[in-house]
Amino acid sequence: NLSQRLSGVIKTLRGQARLTEANIQDAMREVRMALLEADVALPVVKDFIAKVRERSLGQEVMSSLTPGQAVVQVVYQELTLLMGDHNATLNLAARPPAVILLAGLQGAGKTTTAGKLAKFLREQMKKKVLLTSCDVYRPAAIEQLRTLAQQLETDFFPSEVGQQPEKIALDALDFARKHFHDVVIVDTAGRLGIDEAMMDEIKRLHAALDPIETLFVVDAMQGQDAVNTAKAFSDALPLTGVILTKLDGDSRGGAALSVRQVTGKPIKFVGVGEKVAGLEPFYPDRMASRVLGMGDVLSLIEDAQRGVDQDEAQKLAKKLKSGKSFDLEDFKQQMQQMKKMGGISALMDKLPGQLSQAAAGAQVDDKAIGRLEGIINSMTPQERRKPEILKAGRKRRIAAGAGVQVQEVNRLLSQFEQTQKMMKMLSKGGGMAKMMRGMK
Ligand code: GDP
Ligand code: MG
């Protein structure tokens with residue numbers, strides 16, 4: 001299986017200091033097989049391998065990683081990158097009602113997803129939602145959505161078999177305007193295969209509604225076929241995102257990569273169950289490890305990585321013990337480490353209660369880390385070592401250099417001071433390295 005394949009890659013490349021054309025050749029063959037086994041479409045696999053090969057070539061191997069681990073890490077990082085931004089959300093920035101149009105083949109999960117989205121929008125975003133069905137070919141399809149709406153206690157705009165889809169949709173929109181709905185979710189008809197009549201119909205609906213979100217709903221179990229379906233829908237409609245359903249099944253999720261590649265649009269949610277609660281945000285990194293089937297392999301890499309982090313942590317602990325104080329350079333390094341370990345939020349969960357509160361007080365969120373680093377980069381080495389010399393004039397210079405307001409520099413300094421306090425606490429009680437170990 002796949003994990004074995006990737007472990008195989010790691011073994012073959014053991015002991016090489018640099019990745020070369022020759023030694024990554026075999027590795028790439030295994031990765032290619034791995035992706036095909038995960039049902040990623042062939043053209044997508046080819047592109048991907050080419051990219052990974054290029055990035056791997058000549059790469060120095062980090063001391064704690066074996067070359068094989070380095071290759072697998074590149075594969076994992078590239079895959080994560082390819083699957084897009086972390087957690088893209090719905091865009092509702094339209095004059096209300098914001099229209100969400102769902103498109104996809106029959107059985108993809110459109111109707112179920114319409115219900116799930118209604119629940120999500122109502123509960124998480126406090127929106128007033130209207131559901132309507134333009135699937136005018138099967139009475140059961142309309143009935144299915146009506147039942148869902150009832151169960152969710154969400155408004156439903158009725159329709160009947162034989163009515164014109166655009167008319168239903170426009171009437172629903174009209175109704176929503178009059179009743180102050182924030183969002184209208186429009187469910188549509190799909191066929192078993194791609195056909196022209198279906199595409200024409202959804203195109204007309206799109207033109208009539210001008211939706212802010214046009215979401216392509218696709219079944220993760222579709223595997224290799226997902227590419228053709230995605231291409232057809234993406235050619236016909238200006239998609240804004242993708243929802244990948246049935247990920248609770250045993251699909252390896254290769255469709256995620258294919259669909260992302262072909263449409264170029266972010267996967268916004270994944271369906272993980274038949275029930276209305278079975279909807280989750282999409283996490284590229286999780287999907288990458290799923291596609292690679294490499295829980296085990298990844299933990300191998302993490303072990304190696306951890307070695308590095310611990311070295312850093314120990315250096316820091318030593319420094320603190322020797323009476324030197326924690327400075328902005330340390331602060332920056334610490335932030336970089338936090339990023340590596342999955343960000344502050346992941347870290348906070350692992351900190352013991354009291355510390356976690358201190359960290360929360362420091363109010364560093366994952367996105368802010370990058371900005372903070374930018375500010376520290378604009379300081380001179382002396383300023384980093386002796387933050388106490390940072391008076392108004394220097395702060396202005398730093399702010400200008402980093403392209404931020406002076407307040408942000410001040411905020412960074414107060415966060416730094418909080419962390420410095422935390423570090424003092426830690427160096428008294430048992431040591432940094434110990435804490436870092438505990439967090440993994
Ligand atoms: P539509 O034809 O595109 O409207 O698809 P439906 O919403 O009717 O879904 C088709 C089938 O897939 C139904 O049996 C759903 O219960 C099921 N389904 C939809 N989404 C999911 C999901 O995320 N997980 C699982 N396990 N089943 C799903
Ligand atoms: Mg349906």
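**Exercise 1. The annotated segment**

The UniProt annotation "domain: SRP54-type proteins GTP-binding", from an unreviewed entry, covers residues 266–279; UniProt positions follow the numbering used here, feature names are shortened, and annotations may be inferred rather than shown by experiment. This is a predicted model, in which local features need pLDDT of at least 70, side-chain atom pairs count only at pLDDT 80 or more, and totals for chains, interfaces and linings use all residues. Residues are numbered from 1 along each chain as its sequence is written, while chains are lettered from A and ligands numbered from 1 in the order in which they are written.

Task: State what share of residues 266–279 is helix and what share is strand, and place the segment within the whole protein.

Solution. Start with the assignment, in which helices (H or I, at least four residues) and strands (E, at least two) are DSSP runs numbered from the N terminus. On this basis residues 266–279 are 0% helix and 43% strand, and the end C-alpha atoms of the segment lie 16 Å apart. The protein itself has 20 helices and eight strands.

Next comes burial: a residue is buried if 20 or more other C-beta atoms, placed from the backbone, lie within 10 Å of its own, exposed if 12 or fewer, and partly exposed in between. By that count 41% of the 440 residues of the protein are buried. Finally, two residues are in contact if their C-beta atoms, placed from the backbone, lie within 7 Å; among contacts between residues at least 6 apart in sequence, 77% join residues at least 24 apart.

**Exercise 2. The shell of ligand 1 and G109**

Task: Describe the residues that surround ligand 1, and then work out the setting of G109.

Solution. A residue is near a molecule if its C-beta atom, placed from the backbone, lies within 6 Å of it. There are 18 residues around ligand 1, and the closest are G109, K110, T111, T112 and G271. Helix α5 (residues 110–125) contributes the most to this shell, with three residues.

The shell is then sorted by type, with Ala, Val, Leu, Ile, Met, Phe, Trp, Tyr, Cys and Pro counted as nonpolar, Asp, Glu, Lys and Arg as charged, and the others, Gly among them, as polar. The outcome is two nonpolar, 12 polar and four charged residues.

Turning to G109, this residue sits in the loop between β1 (98–103) and α5, and G109 is buried because 23 other C-beta atoms lie within 10 Å. Leaving aside residues up to four places away in sequence, G109 touches V217, D219, T245, K246 and G271. G109 and V218 are 109 residues apart in sequence, yet their C-alpha atoms are 7.3 Å apart in space.

**Exercise 3. The two sides of α3**

Task: Check the span of helix α3 against expectation, and decide where its buried residues lie around the axis.

Solution. The expected span of a helix is 1.5 Å times one less than its number of residues. For the 15 residues of α3 (residues 42–56) this gives 21 Å, which agrees with the 21 Å between its end C-alpha atoms. The buried residues of α3 are V44, V45, F48, V52 and S56. Seen down the axis, these fall within an arc of 95 degrees (taken from the directions from the helix axis to the C-beta atoms), so they line one face of α3. On the other side, P43, K46, D47, A50 and E54 are exposed. An α-helix has 3.6 residues a turn, so residues three or four places apart point the same way.

**Exercise 4. Two aspartates with positive phi**

Task: Compare D39 with D210: which is buried and which is exposed?

Solution. Phi of D39 is near 75 degrees, a positive value in a residue other than glycine, and D39 belongs to the loop between α2 (21–37) and α3. With 22 other C-beta atoms within 10 Å, D39 is buried. D210, also not a glycine, has a positive phi of about 45 degrees and lies in the loop between α8 (196–209) and β5 (213–219). D210 counts as exposed because it has 11 C-beta neighbours inside 10 Å.
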